[in-house]
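Biologist: I am new to this structure and would love a close look at one part of it, with an account of how that part sits in the rest. Please explain the terms as you go.

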Amino acid sequence: MLSALQNPRQAAAQLLNFGLILSTAFMMWKGLSVISDSPSPIVVVLSGSMEPAFQRGDLLFLWNRNLMEETKVGEIVVYNVKGKDIPIVHRLVRKFGLGEEAKLLTKGDNNLADDTELYARGQDYIERKDIIGSVIAYIPFVGYVTILLSEHPWLKTVMLGLMGLVVVMQRE
Amino acid sequence: MHSTIVRGQNVFGFFTTICFVVAALIAASDLLAPRTPKATVAVKDLQVYEYFHLPNPVRGRPHYYSTKKEEYAIIRFSLSADLSSLFSWNTKQVFVYVSASWPNSTLGDAGKGEMVNEAVIWDTIITNPSADHLQNLGPAAMKKLVRSAKGKTIDPSRGKLEFKNQKAKYQITSPDGKLAETDNMVLKLHYNVQPWVGVLTWTPQIEFGRWKKVKGGISKAFKLPAIKVKKVAEKKAT
């Protein structure tokens, strides 16, 4: 059971291994972030407002560079609203003007009305800087784990407990 | 080394690897399916009105209010499109939309000649039968939809659209409130293919392998008419 105490060298190796896994995951995430120029290059769909295209738990890959052309009408963008924590995934339906100052309006495919109601008070349009990326690729359902974990916090405890158990049981 | 946990981990790891490889192959198979969409769009009727939004919000923007007078345009159009080649086994849905785009006269040199404004005036979602159950429809409409493609997982015939005199779903406005007599406006048909897994694709700007550009799909340039005075106002004047 207490092999870690008996063999400090092995314990250190295990700790290093664990750190390596964590830092690899973190660097991959940050690397993707640099490549796509988006603070959050992978997002999980949290609402049904883009159904039937996206369901809750689907994984979206974002791209936030305008290499060839500007972000345009029809693209599905992820944007932040001042004073709200959760980014929204909706389709761009109107664009007035060019560049950074262009006024953009979004709408969820499954919503009857556009997003004016979701914006900050007195805000009728969003701008390019509010957008953290356009959806370019899609994997269904894989992100549902994160929804489960955030909706049922006790699952986190259970998972941590199981992982701890595995570490303790795995002696060699 | 060969404990149950390690075995379980290996099996799970192998399972996820296989899942990702299969998903990647399915996503790549999109490139093999030729896409040869074609469409004709034409304007049928144009009207420009003006009003305060307060008592009578613009259709499609029920939460938008303005205290100044704004003009809005209602467009009727005809659309004949064949998008059947976009439906393959990896197609979940095709989002079809018609947009109006126009250059900006008030923007100065920056926007001269370029279509700097664009607004979706009409859209529709065409699901592949494999995704019918995900549509947000009433029970009767859902039954009809499911029955229309009974026994089929792919139904390219849904990609054929024919509208003779379709009213725009969304009235268009402009942030500066002016729209009447806007010149060089065009209607364009676009699509967005949503896969079951893989890369999302939009109307291509360039030919890419077996994916061709949309044949047609752009209307002739037109000019919006002057503001149409509502009949009530006309009566008062005479």
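**A strand and its surroundings**

Modeller: Let's start with strands S3 and S6 of chain A, which run antiparallel and are joined by three bridges. Helices and strands here are DSSP runs, numbered from the N terminus: a helix is H or I with at least four residues, and a strand is E with at least two. Two strands count as paired if DSSP finds at least two bridges between them. In general, the strands of a sheet pair through backbone hydrogen bonds, in either a parallel or an antiparallel way.

Before going on, please keep in mind that this is a predicted model: local features need pLDDT of at least 70 and side-chain atom pairs count only at pLDDT 80 or more, while totals for chains, interfaces and linings use all residues. Residues are numbered from 1 along each chain as its sequence is written, and chains are lettered from A and ligands numbered from 1 in the order in which they are written.

Back to S3(A). Val77(A) has Ser134(A) as its bridge partner in S6(A). Val77(A) also stands opposite His90(A), which belongs to S4(A). The pairing of S3(A) with S4(A) is antiparallel too, over four bridges. S3(A) itself, residues 76-79, is covered on both faces: Ile76(A) and Val78(A) are buried on one side, Val77(A) and Tyr79(A) on the other. A residue is called buried if 20 or more other C-beta atoms, placed from the backbone, lie within 10 Å of its own, exposed if 12 or fewer do, and partly exposed in between.

Now follow S6(A) outward, to where chain A touches chain B. Two residues are in contact when their C-beta atoms, placed from the backbone, lie within 7 Å. By that rule, 31 residues of chain A and 40 residues of chain B take part. On the chain A side, strand S4 (88-96), strand S6 (131-139) and helix H4 (154-169) each supply at least two residues. S6(A) gives the most, with five residues. This side of chain A is made up of 15 nonpolar, six polar and ten charged residues, where Ala, Val, Leu, Ile, Met, Phe, Trp, Tyr, Cys and Pro count as nonpolar, Asp, Glu, Lys and Arg as charged, and the others, Gly among them, as polar.

S6(A) also pairs across to chain B: two bridges link S6(A) to strand S7 (residues 198-199) of chain B in the antiparallel sense. There, Ala137(A) has Val199(B) as its bridge partner.

The stretch that includes S6(A) carries a label as well. An unreviewed UniProt entry annotates residues 131-147 of chain A as "transmembrane region"; such positions are given in the numbering used here, with shortened feature names, and annotations may be inferred rather than shown by experiment. In the model, residues 131-147 of chain A are 24% helix and 53% strand, with end C-alpha atoms 23 Å apart. Tyr144(A) belongs to helix H3 (residues 144-151) of chain A. With 16 other C-beta atoms within 10 Å, Tyr144(A) is partly exposed.

For the wider setting, chain A is divided into domain 1 (1-36) and domain 2 (38-141), with bounds from an automatic or database domain assignment. The C-alpha centres of these two domains of chain A lie 35 Å apart.

Chain B, on the far side of the contact, has three helices and nine strands. Of its 238 residues, 27% are buried. Its open, mixed sheet has four strands in the order S5-S2-S1-S9. Strand S5 (160-167) and strand S9 (215-216) of chain B are the edges, each pairing on one side only. Within that sheet, strand S1 (residues 38-51) and strand S2 (residues 70-82) of chain B pair in the antiparallel sense over 13 bridges, and Ala42(B) stands opposite Ser78(B) in S2(B).

Chain B is also split into domain 1 (1-32) and domain 2 (33-44 + 75-226), whose C-alpha centres are 37 Å apart. Seven residues of domain 1 of chain B are in contact with nine of domain 2. Helix H1 of chain B covers residues 4-29, and none of its 26 residues is buried, so H1(B) lies largely in the open.
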